[in-house]
Amino acid sequence: MAETRKLSLNILRYNPQLEGDKPRMQAFEVDESENMTLFMVLNLIREQQDPSLQFDFVCRAGICGSCAMLIDGRPGLACRTLTKDLGTEITLAPLPAFELIADLSVNTGKWMRAMSERMEAWIHGDETERDIRQMEAPMNPDEAEEIYELERCIECGCCVAACGTAQMREDFVGAVALNKLARFRLDPRDKRSDQEFYELIGTDDGVFGCMSLLACNDFCPKELPLQTQIAFLRRKMLKAGLSRK
Amino acid sequence: MKIIYTDVLVIGGGLAGLRAAIGVKRRGHDATILSLVPPKRSHSAAAQGGMQASLGNSIKGQGDNEDVHFGDTVRGSDWGADQEVVRMFVNTAPKAIRELANWGVPWNRVRRGDHDVIINGKKVTLTEQDNAHGLITARDFGGTKKWRTCYVSDGTGHSMLYSVSDQAIAQQIPVHERMEAMRIIHDGSRCCGVVARNLITGELVTYLAKATCIATGGFGRIYRSTTNAVINEGIGAAIALETGIASLGNMEAIQFHPTAIFPAGILVTEGCRGDGGLLLDADLHRFMPDYEPEKMELASRDVVSRRMEEHIAKGKAVTNRFGRHLWLDIRLLGRAHIEKNLREVNEICHYFLGIDPAEDLIPVRPAQHYSMGGVRTDYRGESPTLQGLFSCGEAACWDMHGFNRLGGNSVAETVVAGMIVGEFMADFCDSGDSEISVSTAQAKEFWERERAQIEALLDGDGDESSVAILAEMQNVMTDKVGIFRNGENLQLAVDELQALMLRSRNIGVATKARGANPELVAAYRVKRMLKLAICTAYGALQRTESRGAHFREDHTQRNDQEWLNRTLATWEDDNALLPTLNYEPLDVMRMELPPGDRGYGGADHIDHPDTQRRQAEVDGIRDKVTEADRFALQDALMPYEELLPVALRGRNERLGENK
């Protein structure tokens, strides 16, 4: 590595729990090291400069979805963002669209639980009670792999934070929910019909609210095929809507 | 003081806790889960490679059954496991995997016909049977006689966690997120709940419950170099220890995973080697066959990690600016395989190392990975000394892993123990024993004590830094209580940890916020982590033998004569600097598989005086029960079925085996 870069971090600070606290940007300086990630940067700042700085990391390996934040204005996972891919001026802010806990920490968990309840995002049908002493029901190997492709979502919230509709419409379900329903719709173990899925997402807060700006697709850290899934689901839901009595 | 009442309080929202809560709820009792993070962010999600269950569907799994899984697990444990618990486990694992299939986990499936795999560095064509097509398939993992590890690409834990968490939502089980259990409420013999701290508001909330279940995972963060998530600080185990009544079992039994990427310590799955990946040294020489001609890269994790460090010590490591490492080579598996079956590994290599594992070698070195020890429970998952306190998953020492856990047996334990302990907690709630008589005044005493401790930290003028103490503790553990241990270093470790504990009484907290306050959290946690670290180091110092992952350079033999037992640590006096250690003997005369050679690892052992006698008994029974019924034979050797909850009894259906 050539000369060590000095990184200037601008971090949005605000703790709504603290009386009188107001949102502000705070500057920090950190010496860059080899293979440095934002996980390392933020922990260094907290350990050496400001112990009150709040952020969320769990796995620090890009698996759990805890650390999504706005990195230079774009949603992404901080743990696997290498500083060498960024300039020397780095701006960090919490994800919009979620309840702020403090600084870079947002309550995605609460949002995702509410979404799962509203979408009934679990397998529906008798198969859930199949006798577990018996052989499992066979499944087409390709089908299992296709389901996993959509199941790779880590509920990080990047798609919601990036979504134009979600910024305007608080109740918009977001790409995360639409992808989940696409996943359950694909799953032969889920016995719900398109009419039942339509009841969940056949509205402007659901699949018809999407304006096809598709930042969800661009910013998904897991590169889920959100564009295709939303388009596909919209077509199916349109058909289901038109065939309603 | 806010009091929340529930039938069963589960601490920890990972796979074990979620599954236990679902079990309780399905039996008609209320369950409430406390979790540091949203449940789907739990460390269970990081389990990549798979879950062991003896389905025997794929051609390389043919002939597998509970007996083979049992033998592998007991050998893996270096005979430290409770064999009855292992039996309960192996009989329930196929049920667990089938339940998960019912709940939506997209297990990879057997594909009929020919497919190419890499075995021992060479391409081999396997032909899968027609009648297995579409059933759950399995890959090879270390220390197993059959290909038994069922998987979903390399996101197995993620898929399992999402399906189980979704079921918990479907069952309307409340999860109180960002809630940290701080203190167990008890009357000296009966656990009645906890005092918990809301990590957003700082509020202390009292939870009273008939049964309390600790399912908080492992404590890898007491080490500097660990694959564990940052939340794996072992606070659940620590507060159990702080009761002075519940004990922690086998804390010195710490697993080091062979393939953590270097230097970040992020795990790449054992599936890399299971699928045919090789370990290479600085000369690009494949060294494992030199040490372990039989199992090579797929010996148990303790053995592979030791051999790697041994090889590094011989000067065969690659050196880069961060230190020394070896190589993991998965190039031979091909890009298509890597992008489909090892995609998390692929992502991790790209994002954290900037390399393409289909073209480049992966720098790896062993790192702390798993704690076999934890809250000591009986086979039902309840503390033998503190009634109403249950534990399951990695947090517990239920004891199916003994001194070394096999890869793929951890996520399997989470759901299996969740199922079993969930049933037993429901039984407990159904019984008269579950009524609690704690008064709100008594609960308030515990609440006040916790509040006082936090206020003391916030108002105190201590000048020690929790960041510095944490880092020093982690260094001591990694440097002196690691893969190779000896009396001298362990004594040093205990001394240094005790000095840190004294210093930790004088920690200062600059941030005075009563609510969310990461500095405060670090301060109170490091004190608890130090207790776990001392239990680990002191247990390791006292155990003058080598067993499984616990390896003493100054006592290299496994010594069944003196050490075929389980270490139990209790911490009665909060001002003490050491735990009290007691030892619970393992009864050779009741073992289905008496102690012997593992078949890998090389080290010899000193027999227990009963081993020969028991072996003769076992051989006699095997001769007598001549009919082909393996169930009759097993029952004659070590009956266990009565130990299982009624709902989980029964044989597992299998291809080619009668019901």
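The exercises below, each with a worked solution, concern a predicted model.

**Exercise 1. Describe chain A as a whole: what are its elements, its dimensions and its surface?**

Begin with the secondary structure, where chain A holds nine helices and seven strands. Turn next to the dimensions, for the C-alpha atoms of chain A fill a box of roughly 65 × 40 × 35 Å when it is taken along the principal axes. Then consider burial: 56% of the 245 residues of chain A count as buried. As for the surface, chain A exposes about 10700 Å², and carbon and sulfur atoms supply 48% of that area. Finally, look at the charges, where the mean position of the 30 positive charges of chain A and that of the 40 negative charges are 3 Å apart.

**Exercise 2. Work out the strand order of the five-stranded open sheet in chain A, and find which strands stand at its edges.**

The order of the five strands is 2-1-5-3-4, and the pairing in this open sheet of chain A is mixed. Reading that order from its ends, the edge strands are strand 2 (24–31) and strand 4 (74–77) of chain A, each of which pairs on one side only. From one strand to the next, the twist averages 35°.

To see the mixed pairing in detail, take two pairs in turn. Strand 1 (residues 6–13) and strand 5 (residues 89–93) of chain A pair in the parallel sense over four bridges, and Ile11(A) stands opposite Leu92(A) in strand 5 of chain A. Strand 3 and strand 4 of chain A, by contrast, run antiparallel and are joined by four bridges, with Met69(A) standing opposite Gly76(A) in strand 4 of chain A. These two antiparallel strands form a hairpin with two residues between them, and Asp72(A) in the turn has a positive phi of about 50°.

The last step is to add the helix: helix 1 (residues 38–48) of chain A lies across strand 1, strand 2, strand 3 (68–71) and strand 5 of chain A, and runs at about 75° to strand 1 of chain A.

**Exercise 3. In the open sheet of chain B with the order 19-17-11-21-22, explain why one side of strand 19 and one side of strand 22 are left without a neighbour.**

This sheet of chain B has five strands with mixed pairing. Strand 19 (396–397) and strand 22 (580–585) of chain B stand at the edges and each has a single partner strand, so one side of each lacks a neighbour in the sheet. For strand 19 of chain B, one pairing is with strand 17 (residues 374–376) of chain B, in the parallel sense over two bridges; here Val375(B) has Ala396(B) as its bridge partner. Helix 15 (residues 518–542) of chain B packs on the sheet, touching strand 11 (248–249), strand 21 (565–570) and strand 22 of chain B, and its direction makes about 55° with that of strand 22 of chain B.

**Exercise 4. Decide whether Glu344(B) and Thr206(B) are buried or exposed, and list contacts of each.**

Glu344(B) is found in helix 10 (residues 343–353) of chain B. Because its relative accessible area is 9%, Glu344(B) is buried. Leaving aside neighbours within four places in sequence, Glu344(B) is in contact with Ile63(A), Tyr148(A), Arg152(A), Lys222(A) and Asp154(B).

Thr206(B) lies in strand 10 (residues 204–214) of chain B. Its relative accessible area is 0%, so Thr206(B) is buried as well. With neighbours within four places in sequence again left aside, the contacts of Thr206(B) include Met1(B), Ile185(B), Val194(B) and Trp447(B).

Notes. Residues numbered from 1 in each chain as written. Chains lettered and ligands numbered in written order. Predicted model: local features only at pLDDT ≥ 70, side-chain atom pairs only at ≥ 80, totals over all residues. Heavy atoms only, no water. Pairing = 2+ DSSP bridges. Contact = heavy atoms within 4.5 Å. Axes fitted to C-alpha atoms, helices over the stretch in contact; angles between N-to-C directions. Buried < 20%, exposed > 50% of the residue type's maximum accessible area, 1.4 Å probe, protein only. Areas by Shrake-Rupley, 256 points an atom, 1.4 Å probe, with all protein chains shown as cover. Lys, Arg positive; Asp, Glu negative; His and termini not counted. Charge placed at Lys NZ, Arg CZ, Asp CG, Glu CD.
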